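The exercises below ask you to read local features from a model, each followed by a worked solution. Please keep the sequence and the coordinates open while you work through them.

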Amino acid sequence: MIYSVEVENMCPVAKGAYHGPAPIPEEGKWVQAKEIKDISGLTHGVGWCAPQQGACKLTLNVKDGIIEEALVETLGCSGMTHSAAMASEILPGKTLLEALNTDLVCDAINVAMRELFLQIVYGRSQTAFSEGGLPVGASLDDLGKGHRSQVGTMFGTKLKGARYLELTEGYVNRIALDKNNEVIGYEFINLGKMMDFIKTGMDANEALEKSKGHYGRFDEAEKYIDPRKE
């Protein structure tokens with residue numbers, strides 16, 4: 001340690017009581033976090049790239065400072081999907097500090113990691129008050145059956161109105177319109193379920209029909225349109 005002459009010439013003044021850092025809530029406990037290994041919790045963070053053409057939702061399950069589980073969900077950029085594949089391999093097994101200083105390839109994923117780090121080290125995790133936290137694998141619950149991200153894709157113009165393309169339930173196959181051409185419902189295809197049926201050996205057309213559902217006053221429609229063609 002090198003000290004300046006000014007500091008060297010100062011007389012010492014004793015430090016008062018040291019109480020340590022303020023405790024933060026972690027998995028049902030109050031923890032005075034002094035080292036990375038003191039950090040535990042499951043939480044989510046969202047990031048975006050500089051041109052803001054894509055976004056990333058990152059979910060980490062951290063136990064004793066080590067990332068045990070990572071779920072990387074991306075939107076709006078084709079290159080980011082490949083970056084997400086790399087990040088899902090890179091992140092597990094790293095400490096939170098290592099992950100913060102790891103090249104995760106895509107800026108949106110890097111920003112998500114930064115935002116998530118801030119949440120978790122300040123005790124703002126989703127499991128702050130859950131005793132013992134959540135088991136490794138818990139992030140998959142966010143995806144539901146079929147393990148597909150919950151995505152909403154809508155398009156609209158002043159001239160032609162709204163088009164529902166994808167919702168949490170799945171791929172929108174048809175939109176139901178009333179006599180005033182207002183949307184009153186839609187038919188969807190749950191692609192996760194459809195693929196599960198096909199993988200069991202079911203005929204693709206039968207799987208398609210079994211995976212369909214509808215919402216709203218779908219059966220009362222005056223007409224139905226394909227949102228991608230009509």
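The model is a predicted one.

**Exercise 1. Locate serine 40, decide whether it is buried or exposed, and describe its surroundings.**

Step 1. Serine 40 belongs to the loop that runs between β2 (29–31) and β3 (41–48). Its relative accessibility is 8%, and because buried means under 20%, serine 40 counts as buried.

Step 2. Once neighbours within four places in sequence are set aside, the contacts of serine 40 are Glu26, Glu27, Val62, Lys63, Asp64 and Ile120. In addition, the C-alpha atoms of serine 40 and asparagine 61 are 7.7 Å apart in space, with their positions 21 residues apart in sequence.

Step 3. A polar atom of the serine 40 side chain lies 2.8 Å from the backbone nitrogen of aspartate 64.

**Exercise 2. Two contacts of serine 40, Glu27 and Asp64, deserve a backbone check: what is the sign of phi in glutamate 27 and in aspartate 64?**

Step 1. Glutamate 27 is not a glycine, and yet it has a positive phi of about 50°; aspartate 64, likewise a residue other than glycine, has a positive phi near 50°.

Step 2. Glutamate 27 sits in the loop between β1 (24–26) and β2, whereas aspartate 64 sits in the loop between β4 (55–63) and β5 (66–75).

Step 3. Glutamate 27 counts as buried at 9% relative accessibility, while aspartate 64, with a relative accessible area of 54%, is exposed.

**Exercise 3. Establish which side chain of opposite charge is nearest to aspartate 178, and which backbone nitrogen atoms its side chain reaches.**

Step 1. Aspartate 178 is placed in the loop between β8 (170–177) and β9 (183–189).

Step 2. Aspartate 178 is buried, and the nearest side chain of opposite charge is that of arginine 217, 4.9 Å away. A salt bridge requires the atoms to be within 4 Å, and aspartate 178 has none.

Step 3. The side chain of aspartate 178 does reach backbone nitrogen atoms: that of asparagine 180 at 2.9 Å, and that of glutamate 182, which lies 2.9 Å from a polar atom of the side chain. Beyond the neighbours within four places in sequence, aspartate 178 is in contact with Ile184 and Glu222.

**Exercise 4. Determine how many disulfides the structure holds, and examine cysteine 56.**

Step 1. The structure holds 0 disulfides. For cysteine 56, the nearest cysteine sulfur belongs to cysteine 106 and is 6.8 Å away, whereas a disulfide needs the sulfur atoms within 2.5 Å.

Step 2. Cysteine 56 counts as buried at 2% relative accessibility, and cysteine 11 counts as exposed at 63%.

**Exercise 5. Count the aromatic pairs and characterise the geometry of two of them.**

Step 1. The count comes to 5 aromatic pairs. One of them joins tryptophan 30 and phenylalanine 129 edge-to-face, at 6.1 Å centre to centre and with 65° between the planes.

Step 2. This pair links distant parts of the chain, for tryptophan 30 is in strand β2 and phenylalanine 129, 99 residues apart from it, is in the loop between α4 (107–121) and β6 (153–157). Both tryptophan 30 and phenylalanine 129 are exposed.

Step 3. Phenylalanine 218 and tyrosine 224 form a tilted pair, 4.7 Å centre to centre with 40° between the planes. Phenylalanine 218 is buried, at a relative accessible area of 4%, and tyrosine 224 is partly exposed, at 29%.

Step 4. Tyr164, Tyr186, Phe188 and Tyr215 are linked into a cluster by ring pairs.

Notes: Residues numbered from 1 in each chain as written. Predicted model: local features only at pLDDT ≥ 70, side-chain atom pairs only at ≥ 80, totals over all residues. Heavy atoms only, no water. Helix = DSSP H or I, 4+ residues; strand = E, 2+ residues; numbered from the N terminus. Buried < 20%, exposed > 50% of the residue type's maximum accessible area, 1.4 Å probe, protein only. Lys, Arg positive; Asp, Glu negative; His and termini not counted. Polar contact = N/O pair within 3.5 Å; in protein donor to acceptor, adjacent residues only side chain to side chain. Contact = heavy atoms within 4.5 Å. Phe/Tyr/Trp six-rings, centres within 6.5 Å; stacked < 30°, edge-to-face > 60°.
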